[in-house]
Amino acid sequence: MCPGVVSDAPGECPICGMALEKNPAFGGDDDGSELRAMTWRTKLGAMLTLPVLVLAMGAMLPGAPAWLGSDLARWAQLACATPVVLWAGAPLLARGWRSLRTGRMNMFTLIALGVGTAFGYSTAALLMPGLFPHALRHGGGVALYFECAAVIVVLVLLGQVLELRARQRTGGALRALLDLAPATARVVEGDEERTLPLGQVTAGMLLRVRPGERVPVDGVLTEGRSAVDEAMLTGEALPAEKNVGDAVTGGTINGPGSFVMRAERVGSATMLARIVAMVAAAQRSRAPIQALADRVAAWFVPAVLAAAVLTFAGWLWLGPEPRLAYAIANAVAVLIIACPCALGLATPMSITVGVGRGARAGVLVKSAEALERLEKVTMLVVDKTGTLTEGRPRLRQCTAAAGWSEDEVLALAAAVELGSEHPLASAITGAARERGLSPRSARDFHSTTGRGVRAEVGGRVVYVGTPAFLHEHQHADDATLFQAAGELQNDGQTIVFVGVEGRTVGFLAVADPIKATTPDALRALHERGLKILMLTGDNALTAMAVAQRLGLNNVEASVAPADKMKRVAALRQAGEVVAMAGDGINDAPALAAADVGIAMGSGTDVAIESAGVTLLHGDLRGLVRAVTLSHAVMRNIRQNLAFAFLYNALGIPIAAGLLYPFFGILLSPMLAGAAMSLSSVSVIANSLRLRHLRLD
């Protein structure tokens with residue numbers, strides 16, 4: 001109910017009074033002790049409450065034996081109700097007393113006052129009947145409410161048991177993620193291998209992964225080869241081939257081969273640990289809509305106490321005889337039925353279940369605020385490379401100017417690009433390796449983000465980048481080259497020019513295939529009413545070619561990283577609620593500037609850290625799932641809040657006796673307790689529906 005409360009030791013929440021849960025993201029897990037204790041108290045409480053109910057209600061039945069109304073039966077009610085209230089209900093009373101002592105009113109304040117009033121009044125009536133006026137005596141004794149106190153305790157405990165079971169189920173997403181990591185790892189030390197607990201593995205260790213085992217930590221293959229099932233990250237059913245030098249991720253499943261890997265990221269630094277931490281943090285975060293419930297809760301309990309006092313006074317003044325009995329019963333009913341547990345559970349239960357559901361589908365939500373904002377998004381801004389396209393460009397063509405060979409141009413470009421992390425650089429250096437070229441070492445490397453790179457190779461300064469980048473450094477144009485490049489750009493290929501000592505000596509045509517899932521995902525997003533803008537650093541011809549294939553009308557090309565951020569800010573100022581999807585370092589400023597930043601899971605750490613939502617599977621189908629999830633969670637929260645408000649708006653007046661003058665209907669404290677428990681269970685059940693939400 002209070003996700004922001006965190007403690008380093010077991011205890012109870014200082015705000016709502018509930019027992020704190022162990023956080024599985026930090027190595028803890030719910031051992032079920034609180035659930036077992038509450039279940040035991042509920043069972044014993046119910047066993048002792050049954051005879052109290054029989055003795056109290058049986059005396060009211062026509063033809064009931066006389067002994068049911070005797071003093072012995074009344075003392076038997078006290079004997080059975082006392083352990084129910086003082087032992088089974090001890091946690092409830094203790095939390096209520098603590099709330100009064102600290103001044104933090106909560107649901108246990110009302111429960112403790114209601115149960116305490118009914119039990120205290122009945123005990124006093126039995127032990128000291130002379131203190132009560134004759135008008136309260138019926139059949140020789142003052143009316144008792146032991147059955148009300150006992151039944152309310154049992155019903156509240158039953159509600160706590162159902163809630164605890166539901167909370168255990170909401171933690172299933174985190175436990176499922178944690179279970180992806182093996183408990184041990186096999187460490188290779190020379191010719192020997194030994195098994196270590198996963199927590200003792202350190203970076204640099206060599207680890208053996210055998211067929212069918214899970215990869216223990218993030219690292220790189222140093223020996224062997226295999227196919228690894230990376231569905232937890234990519235969503236792809238086909239295993240990925242892994243050779244020496246390839247990276248593997250902890251939690252993925254090794255296929256038929258055996259390999260040795262070098263551990264690089266261990267403990268909390270692994271991708272799996274970061275995913276678990278992100279999900280746990282999101283489940284503890286508070287959505288802005290929670291502020292409404294917080295404002296109501298701030299005055300709700302004092303208002304209920306005032307309503308109970310007014311109910312008591314009204315019945316004592318205007319009610320029929322026995323007035324005091326009516327006044328106490330209806331005041332207790334108001335206290336019990338108005339417990340704000342349903343209101344407190346409405347938002348955090350939906351957030352917890354919804355974030356867990358998203359995690360199972362590869363949608364990692366960093367905070368509840370991001371989830372709420374995503375529902376309101378009107379404009380989606382997408383980068384091209386790695387978002388709409390695969391992000392694994394390949395060299396399609398190398399064209400050299402007169403007097404230069406293709407291999408010379410490619411070798412020079414590869415020498416410069418060895419110092420760059422841009423996806424295009426990988427395509428160029430990879431193509432050089434495939435052709436058997438050995439690029440010479442470069443020095444004095446300098447990069448201009450979004451435009452190009454420069455370095456000295458073999459005593460000559462080489463520039464690799466956009467035409468504008470070469471123009472800035474006074475390289476002469478080659479009309480033949482530019483004409484050939486333009487034709488390739490119209491086909492959607494990205495052109496990188498190479499300049500040496502003031503002359504453009506050739507260009508490289510690089511193509512990045514559009515992801516097979518992108519067209520359907522964009523169509524689904526359009527159907528949900530989102531406007532889509534492609535914002536890319538690529539040139540206009542290439543960008544328009546890609547946009548035409550995807551049916552996108554809004555395209556802005558040759559946009560520098562800093563300008564992406566400014567463009568996102570301008571859209572927000574124009575009244576759009578902006579989501580930005582990207583995967584590179586150059587997208588990080590725009591991701592941070594958007595209302596909701598969406599990082600592709602295949603992207604850089606910087607992009608993921610800057611985003612509010614991460615799509616593990618790395619394609620825009622994940623964004624469709626995220627939008628669907630946000631709408632479903634927010635709808636669920638509104639349903640919960642509406643139910644909680646409506647329940648209290650109707651329940652309190654009825655419990656106070658509003659219907660009695662017209663229909664003679666009164667709500668007994670027992671029925672009020674049942675209704676209160678039912679309200680919490682209804683909110684929980686509604687929230688748990690999100691576990692089975694269809695996101696595709």
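**Helices, strands and cores**

Colleague: Leaving aside its neighbours within four places in sequence, which residues is Gln77 in contact with?

Modeller: Contact means heavy atoms within 4.5 Å. Neighbours within four places in sequence are set aside, and Gln77 then touches Val52, Leu55, Ala56, Phe146 and Glu147.

Colleague: Which atoms do the side-chain values use?

Modeller: This is a predicted model, where local features need pLDDT of at least 70, side-chain atom pairs count only at pLDDT 80 or more, and totals for chains, interfaces and linings use all residues. Residues are numbered from 1 along each chain as its sequence is written, while side-chain values leave out hydrogens and water and use heavy atoms.

Colleague: Is Gln77 buried or exposed?

Modeller: Gln77 lies in helix α2, residues 71–88. Helices (H or I, at least four residues) and strands (E, at least two) are DSSP runs, numbered from the N terminus. Buried means under 20% relative accessible area, exposed over 50%, partly exposed in between (1.4 Å probe, protein chains only). At a relative accessible area of 6%, Gln77 is therefore buried.

Colleague: How far apart are the end C-alpha atoms of helix α22?

Modeller: The expected span of a helix is 1.5 Å times one less than its number of residues. Helix α22 has 36 residues (621–656), so its expected span is 52 Å. The model agrees, as the distance between the end C-alpha atoms is 52 Å.

Colleague: Which strands stand at the edges of the open sheet, each with a single partner strand?

Modeller: Two strands pair if DSSP finds at least two bridges between them. The six strands have the order β4-β3-β5-β11-β6-β9, with antiparallel pairing. One side is left without a neighbour in the sheet for each edge strand, because each has a single partner; these are β4 (192–197) and β9 (247–248).

Colleague: In β5, what is the bridge partner of Arg186?

Modeller: Six bridges join β3 (residues 184–189) to β4, and there Arg186 faces Thr195. Two bridges join β3 to β5 (residues 206–209), again antiparallel. In β5, Arg186 is bridged to Arg208.

Colleague: Which residue in the turn between β3 and β4 has a positive phi?

Modeller: The two strands form a hairpin, with two residues between them. A positive phi of about 65° belongs to Gly190.

Colleague: Which residues have the most contacts inside the largest nonpolar core?

Modeller: A nonpolar core is a set of buried Ala, Val, Leu, Ile, Met, Phe, Trp, Tyr and Cys residues joined through side-chain atoms within 4.5 Å. The largest one has 57 residues. Its largest share, 11 residues, comes from α22. The residues with the most contacts inside this core are Met534 and Ile598.
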